[in-house]
Amino acid sequence: LIVWRKTLALPGERVRRARQFSQRYGAWFWLYTLAFGLMHIGNYQPEAGQWLWLPLLVVPQIITGVMLGYLRNRNGLYSAMLAHFALNFMAIGVATWLR
C-alpha cells in the first residue's frame, strides 16, 4: 500500500490513471450493468428445464441497471439510490396488494 501511494505521488501519475479510467469507463459501465441484471437471477425459482429462459427474465433488470447508471452519471449516486428504492418499494407494494 505504501508503494502504491508513493507511485500516485509521482508527478502526473494521478492524471495518467484518471485518463486510463475514463478511456475504459464505457466498458466498465456495461460490465457493471450486466452484472446488476444477472445478480437478480436469484429472484426466480425456475422448474426443471427452464434455466435457459433465465437470461430473458432478467432483461428488465439490465434495462433498469442502464437507467440507474445513467441517473448516477447525470445526477449523482443518491438519485440512483432513491430511484432504486422507489422501484423496489413499488414492486413490493404491488406484490403485497395482489395477495
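Biologist: Which residues lie nearest the centre of the largest pocket?
Modeller: This is a predicted model. In it, the largest pocket has a lining of 16 residues. Those nearest its centre are Tyr32, Gly65, Leu68, Gly69 and Arg72.

Biologist: Which elements give two or more residues to that lining?
Modeller: The lining of the largest pocket draws on several parts of the chain. Helix 2 (13-39) is one of the elements that give two or more residues. The others are helix 4 (59-75) and helix 5 (77-98).

Biologist: Which element supplies the largest share of the lining of the largest pocket?
Modeller: The lining holds 16 residues. Of these, 7 come from a single element, and that is the largest share. The element is helix 2.

Biologist: How do the lining residues of the largest pocket divide into nonpolar, polar and charged?
Modeller: Tyr counts as nonpolar, Gly as polar and Arg as charged. Tyr32, Gly65 and Arg72 are among the residues nearest the centre of this pocket. Over the whole lining, the split is 10 nonpolar, 5 polar and 1 charged.

Biologist: How much space lies in the largest pocket?
Modeller: Rolling a probe the size of a water molecule over the atoms shows where empty space is left. For the largest pocket, that space comes to about 350 Å³.

Biologist: What volume does the second largest pocket have?
Modeller: The second largest pocket is lined by Phe36, His40, Asn43, Gln61, Thr64, His84, Leu87, Asn88, Ala91 and Ile92. These divide into 4 nonpolar, 6 polar and no charged residues. The pocket's volume is about 270 Å³.

Biologist: Which helix gives the largest share of the lining of the second largest pocket?
Modeller: Helix 4 and helix 5 each supply at least two residues of this lining. The largest share is 5 residues. It comes from helix 5.

Biologist: Where is His40 found, and is it buried or exposed?
Modeller: His40 lines the second largest pocket. It is found in the loop between helix 2 and helix 3 (54-57). Its relative accessible area is 18%. The cut-off is under 20%, so His40 counts as buried.

Biologist: Which residues does His40 touch, leaving out those up to four places away in sequence?
Modeller: One of its partners is Gln61, a residue in helix 4. The full set is Val58 and Gln61.

Biologist: Which residues does Gln61 touch, leaving out those up to four places away in sequence?
Modeller: Gln61 is buried, at 16% relative accessible area. Phe36 and His40 line the second largest pocket along with Gln61, and both are among its contacts. The set is Phe36, Gly37, His40 and Tyr44.

Biologist: What separates the C-alpha atoms of Gln61 and Ile41?
Modeller: Along the chain, Gln61 and Ile41 are 20 residues apart. In space, their C-alpha atoms are separated by 9.3 Å.

Biologist: How many aromatic pairs does a search of the whole structure find, and what geometry do Phe21 and Tyr25 have?
Modeller: The search finds 5 aromatic pairs. Phe21 and Tyr25 form one, at 5.6 Å centre to centre with 65 degrees between the planes. Planes over 60 degrees apart count as edge-to-face, so the geometry of Phe21 and Tyr25 is edge-to-face.

Biologist: How are Phe21 and Tyr25 separated in helix 2?
Modeller: Phe21 counts as partly exposed, at 48% relative accessibility. Tyr25 is also partly exposed, at 31%. They sit 4 residues apart in helix 2, so the separation is about one helical turn.

Biologist: What geometry do the rings of Phe29 and Trp30 have?
Modeller: Phe29 is buried at 16% relative accessible area, whereas Trp30 is exposed at 53%. Their ring centres are 5.3 Å apart, and their planes stand at 85 degrees. The pair is therefore edge-to-face.

Biologist: Which residues form the aromatic cluster?
Modeller: Phe21 pairs with Tyr25, and Phe29 pairs with Trp30. These residues belong to one cluster. Its members are Phe21, Tyr25, Phe29 and Trp30.

Biologist: What pattern does the chain follow along the sequence?
Modeller: The chain has 5 helices and 0 strands. Read along the sequence, the pattern is α-α-α-α-α.

Biologist: What percentage of the residues count as buried?
Modeller: The chain exposes about 8600 Å², with 69% supplied by carbon and sulfur atoms. It has 99 residues. Those that count as buried make up 17%.

How values were computed. Residues are numbered from 1 along each chain as its sequence is written. This is a predicted model: local features need pLDDT of at least 70, side-chain atom pairs count only at pLDDT 80 or more; totals for chains, interfaces and linings use all residues. Side-chain values use heavy atoms; hydrogens and water are left out. Buried means under 20% relative accessible area, exposed over 50%, partly exposed in between (1.4 Å probe, protein chains only). Accessible areas come from the Shrake-Rupley method with a 1.4 Å probe; for residues, only the protein chains shown count as cover. On a 1 Å grid over the protein atoms alone, a cavity is a set of points where a 1.4 Å probe fits but cannot get out, and a pocket is an open set with protein on both sides within 12 Å along at least five of seven lines; lining residues have an atom within 4 Å of a point. Grid points are joined across faces, edges and corners, and a volume is the space filled by probe spheres set on the points. Rings of Phe, Tyr and Trp (its six-membered ring) pair if their centres lie within 6.5 Å; planes under 30 degrees apart count as stacked, over 60 as edge-to-face and the rest as tilted. Contact means heavy atoms within 4.5 Å.
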